[in-house]
Amino acid sequence: SRAGNLTRHKRTHSERPYACDVTGSEYMAHTANHLRKYMRAHSGEQPYACDESDCEYRSARANTLEQHKRTHSDEQAYACDEPSCEYRAARAGSLERHKRTQH
């Protein structure tokens, strides 16, 4: 039900029953899946690999791999919204830096 979904969603903001067991870490996750992904930071596991030939890039996170893959293509999904500026970038951070330094 929609009410059940809302209740479950609200728990993500308050209930974090899954704790990182690495000494010194205070990380608490609201799902076992989030904790599993977080633990890659400690283990060094990088299950996501670039499939371009001659590229050895690996990542612990799927979204980071997707950002990396754009470096192999001409895709520049982020465009400057300043009038008469034609700057485009493959990464959001590059666009933010452009705006900060150029406008």
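# Reasoning through a predicted model

Visitor: What makes arginine 70 a charged residue without a salt bridge, and how far away is the nearest side chain of opposite charge?
Guide: In this predicted model, arginine 70 is buried yet has no salt bridge. The nearest side chain of opposite charge is glutamate 75, 4.5 Å away. A salt bridge needs a nitrogen and a carboxyl oxygen within 4 Å. At 4.5 Å, glutamate 75 does not form one with arginine 70.

Visitor: Where does arginine 70 lie, and what is it in contact with beyond its neighbours within four places in sequence?
Guide: Arginine 70 sits in the loop between α3 (62-69) and β5. Leaving aside those neighbours, its contacts are Glu75, Tyr78 and Ala90.

Visitor: How many salt bridges does the structure hold?
Guide: There are 3.

Visitor: What makes arginine 40 and glutamate 45 a salt bridge?
Guide: Their closest N and O atoms are 3.8 Å apart. The cut-off is 4 Å, so the pair qualifies.

Visitor: Are arginine 40 and glutamate 45 buried or exposed, and how do you know?
Guide: Buried means under 20% relative accessible area. Arginine 40 has 8%, so it counts as buried. Glutamate 45 has 42%. That falls between 20% and 50%, so glutamate 45 is partly exposed.

Visitor: What makes lysine 69 and aspartate 51 a salt bridge?
Guide: Their side chains meet at 3.8 Å, N to O. That is within 4 Å, so the pair counts. The pair links distant parts of the chain, 18 residues apart. Lysine 69 belongs to helix α3, and aspartate 51 to the loop between β3 and β4.

Visitor: Why do lysine 69 and aspartate 51 get their accessibility labels?
Guide: Lysine 69 has a relative accessibility of 27%, so it counts as partly exposed. Aspartate 51 has 62%, which is over 50%, so it counts as exposed.

Visitor: How do you know that aspartate 81 and lysine 99 form a salt bridge?
Guide: The closest N and O atoms are 3.2 Å apart. The cut-off is 4 Å, so the salt bridge stands. Aspartate 81 is in the loop between β5 and β6, and lysine 99 is in helix α4 (residues 92-102), so the pair ties together parts 18 residues apart in sequence. Aspartate 81 is exposed at 55%. Lysine 99 is partly exposed at 31%.

Visitor: Why is cysteine 50 not bonded to the closest cysteine sulfur?
Guide: That sulfur belongs to cysteine 55, and it is 3.7 Å away. A disulfide needs sulfurs within 2.5 Å, so this pair is too far for a bond. Cysteine 50 is buried, with a relative accessible area of 9%.

Visitor: Why is cysteine 80 not bonded to the closest cysteine sulfur?
Guide: The closest sulfur is in cysteine 85, at 3.7 Å. Set against 2.5 Å, that is too far for a bond. Cysteine 80 counts as buried at 9% relative accessibility.

Visitor: How many disulfides does the rule give?
Guide: The count is 0.

Visitor: What makes tyrosine 27 and tyrosine 38 an aromatic pair, and is it stacked or edge-to-face?
Guide: The structure holds 1 aromatic pair, formed by tyrosine 27 and tyrosine 38. Their ring centres are 3.9 Å apart, within the 6.5 Å limit, so they pair. The planes are 10 degrees apart, under 30, so the pair is stacked. Tyrosine 27 lies in the loop between β1 (18-19) and β2 (28-29), and tyrosine 38 in helix α2, 11 residues apart.

Visitor: Why are tyrosine 27 and tyrosine 38 called partly exposed?
Guide: Partly exposed lies between 20% and 50%. Tyrosine 27 has 29%, so the label fits. Tyrosine 38 has 25%, so the label fits there too.

Visitor: How do you know that the span of helix α2 agrees with what it should be?
Guide: Helix α2 has 12 residues, 32-43. At 1.5 Å a residue, they should span 16 Å. The end C-alpha atoms are 16 Å apart, which agrees. Glycine 44 follows α2, with a positive phi near 80 degrees.

Visitor: What is notable about phi in aspartate 54 and in serine 84?
Guide: Aspartate 54 has a positive phi near 65 degrees, in a residue other than glycine. This residue lies in the loop between β3 (48-49) and β4 (58-59). Serine 84 also has a positive phi near 65 degrees, and is not glycine either. Its loop runs between β5 (78-79) and β6 (88-89).

Visitor: Why do aspartate 54 and serine 84 count as exposed?
Guide: Exposed means over 50%. Aspartate 54 has 83%, so it qualifies. Serine 84 has 80%, so it qualifies as well.

Technical notes
Residues are numbered from 1 along each chain as its sequence is written. This is a predicted model: local features need pLDDT of at least 70, side-chain atom pairs count only at pLDDT 80 or more; totals for chains, interfaces and linings use all residues. Side-chain values use heavy atoms; hydrogens and water are left out. Helices (H or I, at least four residues) and strands (E, at least two) are DSSP runs, numbered from the N terminus. The expected span of a helix is 1.5 Å times one less than its number of residues. Buried means under 20% relative accessible area, exposed over 50%, partly exposed in between (1.4 Å probe, protein chains only). Rings of Phe, Tyr and Trp (its six-membered ring) pair if their centres lie within 6.5 Å; planes under 30 degrees apart count as stacked, over 60 as edge-to-face and the rest as tilted. Lys and Arg count as positive and Asp and Glu as negative; His and the chain ends are not counted. Contact means heavy atoms within 4.5 Å.
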